[in-house]
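Today I set myself two things to look up, the cysteines and one pair of packed helices, and I note here what I found.

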Amino acid sequence: PSMTRGVTKEVSKVSWDDIGGLKDLKKKLQQAVEWPIKHADAFARLGISPVRGVLLHGPPGCSKTTLAKAAANAAQASFFSLSGAELYSKYVGEGEALLRRTFQKARLAAPSVIFFDEADAIAPKRSGHAGNSSGNITVGERLLSTLLTEMDGLELATGIIVLAATNRPHAIDAALMRPGRFDLVLYVPPPDVEGRYEILKIHTRQMKLGEDVDLRQIAQCTDLFTGADLEGLCREAGMVALREDLSAASVYNRHFQTARNSLRPSLTKSIIEEY
Ligand code: ATP
């Protein structure tokens, strides 16, 4: 990846196959991101105006970032990534400048995907009360209005799509949901048992597994684990095997069980219910 003053442009190597579960979601993203880029002529022929922004929301560690990268990669688009929290923390004016510069670069490199992580920090709900009675425009409001201006400007550009991710969808400003902005809102749920099984398969692809390892059974006893947790579980199982014997040839079921018992899931029922 090449770093240019805070904007990371990278050619993403992640593919749809690196994401377990979420079959329907992948299909929706494919149609929203890949189709307008790869089949621009078909969209033009039918007079369909492509979605300009997709908002991904759901609990942390459940592949929002990975989905954005996979979508960009599948569309063979350049990938630009920005963190809302980082923009928010910059000196006065710098966040807006970085936003504008990123859209500029994305236009030059089109087709492009611009990915905003922690989008709620860029687009906080504008509180209709107090806090700002002096009439000062807050950092968040300035960033938001810059983002809206840039997104409205995309009308004339083709092949640029903005994907935003948030763990706090309720904190997103309604202005972002207007037509032509984030018209597609997708929930990225925590993995169910089948999803967990697929994620475990993905993250053990490179591992040498003992014959007694039953990934289906592990999927069953990892309720409330996120994709990131499961990735961590596989790594930890490998580490347990190594700690036992540095010359170990395989990772066995007992290593997974020890790892499982030492780890807690990130999610709780009440976290999931918030979405
Ligand atoms: P955050 O909201 O914290 O930024 P996120 O939803 O964007 O999290 P990612 O950063 O995409 O999540 O995922 C974190 C890690 O977990 C990734 O490195 C990925 O390998 C793994 N992971 C998460 N979900 C899956 C999945 N469905 N399949 C495979 N790996 C996954």
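I began with cysteine 234, keeping in mind that this is a predicted model, and looked for a partner for its sulfur: the closest cysteine sulfur belongs to cysteine 221 and lies 12 Å away, which is too far for a bond. A disulfide would need the two sulfur atoms within 2.5 Å, so I set this pair aside. Looking from cysteine 221 gave me a matching result, since the closest cysteine sulfur to its own is that of cysteine 234, at 12 Å. I then searched the whole structure and found zero disulfides.

Next I asked myself whether each of these cysteines is buried or exposed. Cysteine 234 is buried, with a relative accessible area of 2%, whereas cysteine 221 is partly exposed, at 26%.

I then turned to the helices. At what angle do α10 and α11 pack? I read that helix α10, residues 227-244, and helix α11, residues 253-262, meet at about 120°, and that their axes are 8 Å apart. Because angles of 65 to 115 degrees count as roughly perpendicular and those over 145 as roughly antiparallel, I wrote the two helices down as oblique to each other. I also noted that α10 passes α11 in a right-handed crossing.

Among the residues that make this contact are Leu233, Cys234, Ala237 and Val240 of α10, and His255, Phe256 and Ala259 of α11, so that the cysteine I started from appears here again. Sorting the contact by class, I recorded seven nonpolar, three polar and four charged residues.

How values were computed. Residues numbered from 1 in each chain as written. Predicted model: local features only at pLDDT ≥ 70, side-chain atom pairs only at ≥ 80, totals over all residues. Heavy atoms only, no water. Buried < 20%, exposed > 50% of the residue type's maximum accessible area, 1.4 Å probe, protein only. Axes fitted to C-alpha atoms, helices over the stretch in contact; angles between N-to-C directions. Helix = DSSP H or I, 4+ residues; strand = E, 2+ residues; numbered from the N terminus. Parallel < 35°, antiparallel > 145°, perpendicular 65-115°, else oblique. Left-handed = near helix turned anticlockwise from the far one by under 90°. Contact = heavy atoms within 4.5 Å. Nonpolar A, V, L, I, M, F, W, Y, C, P; charged D, E, K, R; others polar.
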